[in-house]
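Me: I'd like to go through the labels people put on a structure like this. Can you walk me through the reasoning behind them?

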Amino acid sequence: MQYGMIIDLERCVGCHACTIACKAEWEVPVDFGRNWVYRMGPSLVGTEMASTYYPGLCNHCEDPVCVPECPADAEEMTFTDAKTGKTATVEVAATWKDPFDGTVQIDKARCLGCGACADVCPYNARYINPDLVDDVSDEGKADKCTYCKPRVDAGLEPACVQTCITDARIFGDLSDPDSAVSRYVKNGAVGIEPNGGELGPNSRYYGKKKDMALLMETQTPELANLSHVRRRAMLASLVKPAMKKAKNIGLLGVVGAVIAKGVMDSNKEE
Amino acid sequence: MAFNLTRRKFLQSASLAAVALPLSEVIASESGIQRSPLETPGSFQDKTVVGGICEMCFWRCQLTGKTRNDRLVKIEGNPKSIDNGTAICARGNAGIQLLYDPDRLKYPLKNVGERGNPKWKRISWDEALKECGTKLKEVEEKYGPQGISVFPHGSTAKYPMHFFERAVGTHNVSEASFFQCRGIRDTAYVATTGMPPGEFVDMPNSKAILLIGSHLGENVHVSHIKRYIKGLQNGAKLIVVDPRYSASAAKSDIWVKIKPGTDTAFLLAIMNYLITEKKYDQDFVEEYGYGFDELAAGIKEWSFEKAAKECDVPAAQIKEVADLLAESAPGVSIHPGRHVSWYGNDFQRQRSLACLTGLLGAYFVKGGWVPGKNPKVGGVSWAKKEHEGEHNLNVDEDDEYLHPFSPPGTPTELIRDAALTGKPYPIKGCVIWGQNPIQTIPGQEKMKDVLRQMDFVMCVDVMPTDATMWADILLPEVSYLERYDYIKTGTQWNFADKQQQYISARMPLVKPMFERKDQVYITNEIARLMGYEKDIPVQTVEEMVEKNLEVAGLTLEQLRKEDGIHIREGKNPYQMPEDFEVMFYNEDIEDAGFPGIPTYVTVEQPPKGFLRLLYGRVPVHTFNRSQNNIWLNKAMPDNPVWLNDALAAKMGLKDGDVVGFVNQDGFKSRTTTTVKTTPGIRTDGVYMAHGYGSSNPLMSVGVDAGVDDTSLMTKITVDPETGAHGMRNNFVKITKDGKVIEIPASA
């Protein structure tokens with residue numbers, strides 16, 4: 001099974017309901033977004049005038065570039081298929097691709113907050129959420145669209161799909177050939193691949209030819225420079241677990257934590 | 001009460017506003033050490049409260065709330081709704097940021113500074129109401145009821161408006177929704193078909209949709225957009241007439257890049273062609289038409305060529321539109337528009353649209369203009385007392401109407417001119433309720449002078465606005481999420497589905513906070529103080545709603561049981577009323593001294609070197625009302641000015657340049673915005689979203705964001721038939737770093 005989302009640009013009116021509903025559902029900090037809507041144009045595509053939208057979100061890629069960059073120690077995790085109850089135990093770092101539903105998820109408790117995954121994502125779909133702090137990271141944790149996994153597992157639609165005023169967002173199982181999303185793929189819905197990449201994005205777009213051309217022309221991203229990303233990740237993997245250990249054994253203690261919070265708050269004032 | 005707190009400091013001190021804070025910081029600030037949960041739980045596990053009706057805009061979608069510890073954490077569309085369903089727009093979703101906005105009005109305030117430059121002092125409700133009641137009574141006694149003017153907006157403003165209009169007896173009420181928005185449309189259609197048209201076009205079932213200036217998509221009302229997109233998905237052809245490649249133009253089959261102000265010429269040429277080529281609906285016209293021959297004779301001169309020259313579009317394109325409409329008739333949606341106060345020639349354009357709909361036989365047919373049959377509920381309010389007909393500013397000494405097709409109330413300019421001249425009588429009291437006349441009505445400085453000369457100004461609102469700065473007494477109102485009032489009725493949005501009707505009443509999703517009160521309480525208390533106690537129609541807003549529901553055999557308790565929405569069987573919407581008539585020629589209009597058939601009136605063109613200021617909407621804002629909403633502000637923080645790219649290149653301007661404006665009267669914009677260059681706009685105008693550039697520093701998020709387009713409208717145009725404003729007759733030059741960027745002579 002592979003969850004995917006279709007954005008039908010013929011239906012989308014660029015209203016931003018999806019981005020605000022997401023903010024409310026998941027208490028996303030004001031300056032960040034798990035999804036976004038950009039308006040492109042009006043500009044000329046060939047000789048035709050065009051204007052359309054890029055309602056973006058995590059692509060929950062077939063071959064996500066973010067997952068292998070996570071420097072957190074791999075641990076065994078048991079996954080459960082929400083539909084069948086089947087389980088599978090896999091060794092994963094703090095971010096992974098779910099073996100059952102194909103979504104890409106993050107374990108915030110184990111996330112080091114290093115930002116490697118966010119840096120490597122060509123879509124800028126990840127951000128470091130400064131509100132999520134613990135002994136591992138005072139700077140926040142990686143965060144992003146989960147395809148509303150907790151809602152979907154509970155039998156609901158993703159919040160953005162539920163609120164979409166024109167039914168322009170369609171969510172479902174891309175591996176089921178009879179699903180609405182698969183029908184869209186058959187009719188030509190495509191993901192945005194980065195230049196030179198083969199990530200297999202599972203959030204896909206469908207629209208008029210000129211609108212799709214405008215979308216691809218303006219929104220096709222470049223792959224990140226891996227050596228930069230990896231250097232940062234490596235540093236984080238060395239430093240952060242050490243900090244955690246220090247705090248755990250009470251070297252800083254209550255007083256230290258209060259000071260740490262003070263420092264954090266004063267940083268934010270700037 | 002100190003108001004010099006920064007937003008951040010306020011957040012830190014006001015635990016009641018904690019929803020605006022990340023949970024982690026709340027816990028951390030309380031205990032000092034405790035960390036937040038790393039995963040937010042999601043609102044779907046929270047308690048559902050039903051009965052909400054949105055008022056982030058006037059469309060009023062049906063809501064449910066998710067509450068956690070009595071705090072509203074999310075707003076959703078009511079799944080039982082046959083109107084908006086589970087969908088709500090960005091503004092609807094952002095309602096909780098209005099509810100918990102730390103800048104919201106909390107207590108009654110008295111202005112101990114000056115109007116426009118206020119210093120606020122917190123006072124008790126007793127003191128505030130006493131001041132309002134006493135001061136308004138003084139005005140009434142000294143100048144008569146006509147000395148009180150009212151600027152209302154929104155569903156809470158109806159009750160106080162009726163009090164001042166019906167019980168006290170002033171005509172001087174200026175509703176923005178009429179005089180700066182849709183009033184012209186409504187009276188033009190009433191003068192043609194006897195009915196105000198709403199936006200009642202059956203788009204889901206239509207073969208062609210004609211939008212004149214309507215930019216659906218940038219202009220968002222949920223079930224209306226559902227109808228529009230359903231129509232396009234069902235294969236309707238879309239014709240968009242707009243000087244700009246709008247959100248709708250981007251979905252169109254034909255974009256008519258019309259010269260601003262010339263739409264009526266375009267419509268007359270289409271009608272003339274339909275008539276001369278006998279492509280109109282002859283059966284319909286014979287059965288329901290009146291004055292067809294007068295129309296046919298009167299518009300004979302309007303060839304495609306003549307219109308093409310006037311409208312600056314190809315004659316062949318006008319023909320293409322006319323043929324498409326004729327082929328698709330009668331299943332065509334000739335959209336009546338909504339905000340139509342454009343050029344001061346608007347009554348005639350709206351008449352043209354109503355007549356074109358008639359020529360195409362597109363009333364009460366599938367895909368045409370179909371109002372739907374709504375259930376009836378009550379309308380309890382103040383009883384209309386006998387007031388003498390005099391003191392109506394819209395009637396002259398000879399008992400003739402100055403603007404005979406004025407919507408209800410009194411045309412804004414007549415009120416303002418009387419206030420400023422004291423003739424025919426002084427206007428010295430002002431009640432502003434939910435409206436922002438500073439950023440809504442053209443002639444901002446004039447409005448300020450009007451307010452300056454008042455003996456007393458009171459404002460009631462949920463948020464500080466540019467208008468609340470002019471109050472002597474400022475009263476905090478409960479928001480739509482915390483009160484009863486409005487009853488929303490309607491039908492399922494797609495007439496192709498099973499015919500159903502619904503009745504839903506606004507019920508609070510959460511309890512009011514601070515000292516905010518509702519409109520019935522505030523109005524009744526003022527009424528008592530003014531000596532109108534015996535006229536009070538209801539004691540509480542809840543009682544008003546119960547009485548209105550009773551007419552439909554419902555109660556609030558019953559509605560609650562039915563998840564907030566009562567649904568019943570509907571009626572065939574396509575049934576034509578027996579006495580339906582389309583007045584192609586209307587002799588009443590002619591008797592009043594205006595053209596009896598739709599007639600094109602030219603508008604002033606930009607002086608050399610100037611660009612016409614065009615404005616419109618963005619989907620995340622309801623004008624200035626939502627500017628301080630932090631989620632919506634972040635989504636579209638300013639209003640970039642659209643400038644033709646070729647022209648921009650000649651002027652040396654590029655995307656992102658920070659610019660201001662100076663208009664034809666030398667008025668300079670107070671703030672700046674950025675340039676958006678595009679081939680998708682004509683070279684004789686610029687475009688920006690309306691409602692930005694608020695000047696009230698108490699709006700810590702929205703203040704000075706973008707440019708206030710209304711501030712640049714110093715030239716005031718009035719549509720003569722209706723007395724409503726024309727707001728697109730101002731012209732600007734672009735400034736950068738304080739210097740005017742001239743348009744090169746070659747451009």
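Reply: Sure. A strand here is a DSSP run of E with at least two residues, numbered from the N terminus. The model is a predicted one, and in it B:L613 sits in strand β19 of chain B, residues 611-616.

Me: Why is B:L613 called buried?

Reply: The cut-off for buried is 20 or more other C-beta atoms within 10 Å. B:L613 has 24 other C-beta atoms within 10 Å, so B:L613 counts as buried.

Me: Which residues is B:L613 in contact with, leaving aside neighbours within four places in sequence?

Reply: B:V686, B:D709, B:L712, B:R728, B:N730, B:F731 and B:V732. As for B:P464, its C-alpha is 27 Å from that of B:L613, with their positions 149 residues apart in sequence.

Me: On to the helices. What makes α7(B) oblique to α14(B)?

Reply: The axes of α7 (residues 176-193) and α14 (residues 346-359) of chain B cross at roughly 50° and come within 8 Å. Angles under 35 degrees are roughly parallel and 65 to 115 roughly perpendicular, so an angle between those two classes is oblique. That's why α7(B) is oblique to α14(B). The crossing of the pair is right-handed.

Me: Which residues make that contact?

Reply: From α7(B), they include B:I184, B:R185 and B:A188; from α14(B), B:F347, B:Q350 and B:R351 are among them. By class, the contact of α7(B) with α14(B) has seven nonpolar, three polar and three charged residues.

Me: How many residues does each chain give to the contact between A and B?

Reply: Chain A gives 44 residues and chain B gives 45. On the chain A side, α1(A) has the largest share, eight residues.

Methods:
Residues numbered from 1 in each chain as written. Chains lettered and ligands numbered in written order. Predicted model: local features only at pLDDT ≥ 70, side-chain atom pairs only at ≥ 80, totals over all residues. Helix = DSSP H or I, 4+ residues; strand = E, 2+ residues; numbered from the N terminus. Buried ≥ 20, exposed ≤ 12 C-beta atoms within 10 Å, placed from the backbone. Contact = placed C-beta atoms within 7 Å. Axes fitted to C-alpha atoms, helices over the stretch in contact; angles between N-to-C directions. Parallel < 35°, antiparallel > 145°, perpendicular 65-115°, else oblique. Left-handed = near helix turned anticlockwise from the far one by under 90°. Nonpolar A, V, L, I, M, F, W, Y, C, P; charged D, E, K, R; others polar.
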